[in-house]
Amino acid sequence: MILKMLSLAGDERSDEQGQRSDNLQGVQLMPRISIQLHATVDDLVGLLLAMRDGERGDLLGFARNEVQAKIEWQELSSSTVAQYSSVIALPRGGATASIGDDLEALIERCAFLSFSVPEVDGDRLKDTLVGVLDPHGNYPEQLAMWRKLLNRFKKPLIRGATVRNPLAGESQFYPSLLATPAAVALSRNGVALMLGDVNTAEFITGDASRSEA
């Protein structure tokens, strides 16, 4: 069954209760808020730019299990973000970071936003995870700020997709799968929205498919 192969049972793809454990660059984490979806790099840059000036702390390019670079906000672009495997945004006043810091060091300092940079392989777009890390629940005010930001980000998302496994000839509809309008537009132009190495997601469109805040 596709359900077993993907381990996609409803809320596992959009979990705001921190019930799902994900592995980001080899570190086991329990996001307090997480949204797994198909999105373009431009979409995620837009998410960062939606932060207010007073909310913006260090912006970090992350790869090989550590901070590789600090990204200047005025230089933020899709091409800059695409250089890294993940990007981390720290809240202003919450903490600072240094080159070489790992996630375990950062989670002790603040609640931060992270996302895996979407992988594009020819005409295939892999899904991405956007999460807020505060495993000990020590930063409720920062967590509330991130929740508001992500709630705004979710409003235009398209919900509900049919997942197809071409090798097994199986398909199944999952109402909780999410994608941005830009990602769905790519799929209409021949880009496969991948879930794993084989399965693809085909999203419905229209007002009924918009994600609730």
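Begin by selecting Asn65, which is found in the loop between β5 and β6. The model on the screen is a predicted one, and the stops below move from this loop to the cores, the helices and finally the confidence values.

**The loop between β5 and β6**

At Asn65, phi is positive, at about 70 degrees, although the residue is not a glycine. Asn65 has a relative accessible area of 41% and is therefore partly exposed. Next, select Arg64, placed in the loop that runs between β5 (56–63) and β6 (66–70). Arg64 also is not a glycine, yet has a positive phi of about 50 degrees. Is Arg64 buried or exposed? With a relative accessible area of 63%, Arg64 counts as exposed.

**The largest nonpolar core**

Now display Leu48, Leu113 and Trp146. Within the largest nonpolar core, which has 34 residues, these three touch the most other members. To show where this core draws its residues, colour β4 (33–38), α2, β7 (86–91), β8 (112–116), β11 (128–133) and α5; each of them supplies at least two. Which of these elements gives the most to the core? That element is α5, with six residues.

Centre the view on Leu113 and show its surroundings. Setting aside residues up to four places away in sequence, Leu113 touches Leu47 and Leu48, then Val87, Ile88 and Ala89, then Val130, Gly131 and Val132, and finally Trp146, Leu149 and Leu150. A second core, separate from this one, has 14 residues; Tyr174, Val191, Leu195 and Ala201 are included in it.

**Helix α5**

Select residues 140–154, which form helix α5. A distance drawn between its end C-alpha atoms reads 21 Å. This agrees with expectation, because 15 residues at 1.5 Å a residue should span 21 Å. Its buried residues are Gln142, Leu143, Met145, Trp146, Leu149, Leu150, Phe153 and Lys154. When viewing them along the helix, recall that an α-helix has 3.6 residues a turn, so residues three or four places apart point the same way.

**Leu106 in helix α4**

Move to Leu106, whose place is in helix α4 (residues 103–106). Its relative accessible area is 1%, so Leu106 is buried. Which residues does Leu106 contact, leaving aside neighbours within four places in sequence? They are Leu60, Val67, Ile88, Ala97, Asp101 and Phe112. Add Asp134 to the selection: Leu106 and Asp134 are 28 residues apart in sequence, and their C-alpha atoms are 9.7 Å apart in space.

**Thr80 in helix α3**

The next selection is Thr80, in helix α3 (residues 78–81). Thr80 has 16% relative accessibility and therefore counts as buried, the cut-off being under 20%. Show Glu75 as well, since its backbone oxygen is reached by the side chain of Thr80 at 3.3 Å. Not counting residues up to four places away in sequence, Thr80 touches Ile71 and Glu75.

**Confidence along the chain**

To finish, colour the protein chain by pLDDT. The mean is 84, and 82% of the residues reach 70 or more. Where is confidence lowest, and where is it highest? The lowest mean, 38, belongs to strand β1 (residues 14–15), while helix α2 (residues 41–49) has the highest, at 97. Lastly, select residues 1–28, over which pLDDT stays under 50. For this stretch the model has 78 contacts beyond four places in sequence.

Technical notes:
Residues numbered from 1 in each chain as written. Predicted model: local features only at pLDDT ≥ 70, side-chain atom pairs only at ≥ 80, totals over all residues. Heavy atoms only, no water. pLDDT = per-residue confidence, 0-100. Helix = DSSP H or I, 4+ residues; strand = E, 2+ residues; numbered from the N terminus. Contact = heavy atoms within 4.5 Å. Buried < 20%, exposed > 50% of the residue type's maximum accessible area, 1.4 Å probe, protein only. Polar contact = N/O pair within 3.5 Å; in protein donor to acceptor, adjacent residues only side chain to side chain. Expected span 1.5 Å × (residues − 1). Core = buried A, V, L, I, M, F, W, Y, C linked by side-chain atoms within 4.5 Å.
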